[in-house]
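These entries record what I looked up in one structure. I began with the ligand and then turned to a single helix.

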Amino acid sequence: MAETTEPTGTTGTAGTAGAIRPPGPEGGPVTSGTAPGAAGGPTAADGPAPSAGRAPADALPKGFRSAELGWPELKRIPHPPYRIPLLGDLLGASRRTPLQDSLRYAAELGPIFRRKVFGREFVFVGGAALAADLADETRFAKHVGLGIANLRPVVGDALFTAYNHEPNWQLAHDVLAPGFSREAMAAYHPMMLDVARRLTGHWDRELAAGRAVDVPGDMTKLTLETIARTGFGHDFGSFERTRPHPFVTAMVGTLTYAQRLNTVPSPALLRRASRRNEADIAHLDHTVDELVRARRANGGGDGDLLDRMLDTAHPVTGERLSAQNVRRQVVTFLVAGHETTSGALSFALHYLARDPRVAARARAEVDRVWGDTAMPGYEQVAKLRYVRRVLDEALRLWPTAPAFAREARADTVLGGEHPMRRGGWALVLTAMLHRDPGTWGPDPERFDPDRFDAAAVRARAPHTYKPFGTGARACIGRQFALHEATLVLGLLLRRYELRPDPAYRLRVTERLTLMPEGLRLHLERRRTPVGGAPLGEERTGERRIGEGPVEAVGEEPTASSSEPRCPVRRSGD
Ligand code: HEM
């Protein structure tokens, strides 16, 4: 495979008040081990060269870097037994469930281990102490490799897939971060309610027809419509369709293809799939081009993300996103903005349906906090502390973006024990980190939202809960996702009793993100009157349930409204 040079570390292009600028490369010496394993020339996954085209002099080679290049004492890191020459650790592994395989290996091999597949070796980290060390932004940065690099032909240097040094990362981050400010979120709230109304309309019809609801399918429709509407003023009409929108089909196709690339010795083996992937990419691009054309034709929207992308200049440099970069950002946000949240909602609904006591407690909170308000306000969502804990706990067990990769900015020693060369990298398996018994106790598989009550959160070490990644490249849409998901869970709990299929056993599908497979729930309309009115039809003359005292929990402090607020900077990062 061919490669060009890839610098490590991050340099920003512009300095803005409140903007996050990841530290630049620390300039550690390029040890002999970093370069040779990397064969030259750009890979398909690399996409066009960064616009700057000038890689820093101390640039690292681009493309896949096998673990032996970055870990001089790799031999000390355990690997699964029965390694087969050429094939590696394939015995007992499934192409479809790499994450769940890794969780099994982690249980046997401990907080750090390696796996080799077709000559390519990876290091996995899931122990809390090592993961916390990898969260040190002065020594480590995001590594764009594996599945993420495989998405570069689709979205190039957009926010999620940009290499740290690419100027468009900082530019887009600074231009788009205000789109996730408190003010922006409050403006999205009525649109979120509107989309939720379409979901409950659909669920009411399914219920009336005596059908169980398709939870992952419907959550995907909901979250796609929400990001499309709030971000881009677009309506995919998902609830009016019997089959997924072609955009969703194309998106799932590209995600699946990106994952498959990791599991075959050569992309040449996926020739047919590769042709389909190209068609999928063309469809995604076409959808976005239409969207942008319509926006231009209408003379602009109401200040949503697309307006920002098209019209907002960087506050300091005055730079704007190029047309090509806007296209990449729109696809990124449409994909990243719904796929993970729909999984989070689906897992949460699964656990709520399975545990009537948790559901009853959450429902009681919704009744107490929202009363009969048909349209809960923006501020009333954050008051659903227990519902939020249910969501947090669902994301602990099944962080729907199940891993993120970190690379050393300079030669260092991980956890004081494992030497790493500059550019060496590891995958943090979040689902494994979230099951570390040292943090979560002897029964980490147990679903227990009280793990997120104020005292428990305060007592935990930093960097032990990372569903949204870490550092400067953590999720920009975190608040968006949490607000949307808490709102929707509150609305559904208030309206329905959730009845699981007793025969259903949780199976998790993996396609870069996680989703409960085949989850269907039976619904009953709640007999209690609270919240029984359809959304938007506030009842009058009935008892209003007062807003009871809200439990104070260990929320991370929010910035004062006058402070520039960057949604990706979290306490503990
Ligand atoms: C429960 C829902 C979500 C989860 C679990 C999640 C998880 C993550 C994680 C783990 C990362 C870091 C990836 C890495 O380090 O390689 C990330 C980044 C990102 N997420 Fe999310 N995400 C969610 C929702 C959203 C939403 C709703 C949006 C947009 C509206 C979004 C947009 C992004 C973007 C653009 C990035 C890249 C940020 C950067 O590198 O600057 N995500 N997300």
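The entries below cover the ligand shell and helix α2.

Entry 1. I note at the outset that the model is predicted.

Entry 2. I looked up the surroundings of the ligand and found 27 residues around it. The closest are G337, T340, G469, C475 and G477. By class, I recorded 17 nonpolar, 8 polar and 2 charged residues in the shell.

Entry 3. I then asked which helices supply at least two residues of this shell. They are α12 (323–336), α13 (339–354) and α20 (478–495). I also checked the domains: domain 1 (33–47 + 58–155 + 400–433) and domain 2 (177–399 + 455–525) each contribute at least three residues to the shell around the ligand.

Entry 4. I turned to α2, which runs over residues 98–109. At 1.5 Å a residue, its 12 residues should span 16 Å, and I find its end C-alpha atoms 16 Å apart, so the two values agree.

Entry 5. I asked which residues of α2 are buried. They are P98, S102, Y105 and A106. These residues cover an arc of only 105° around the axis, and therefore lie on the same side of α2. On the other side of the helix, I found A107 and E108 exposed.

Entry 6. I looked up what the buried residues of α2 pack against. Their partners are the strands β3 (112–117), β4 (120–125), β10 (425–429) and β12 (508–511), together with the helix α17 (430–433).

Entry 7. Finally, I inspected the backbone just after α2, where G110 takes a positive phi of about 100°.

Methods:
Residues numbered from 1 in each chain as written. Predicted model: local features only at pLDDT ≥ 70, side-chain atom pairs only at ≥ 80, totals over all residues. Near = placed C-beta within 6 Å. Helix = DSSP H or I, 4+ residues; strand = E, 2+ residues; numbered from the N terminus. Nonpolar A, V, L, I, M, F, W, Y, C, P; charged D, E, K, R; others polar. Domains from an automatic or database assignment. Expected span 1.5 Å × (residues − 1). Buried ≥ 20, exposed ≤ 12 C-beta atoms within 10 Å, placed from the backbone. Arc of directions from axis to C-beta. Contact = placed C-beta atoms within 7 Å.
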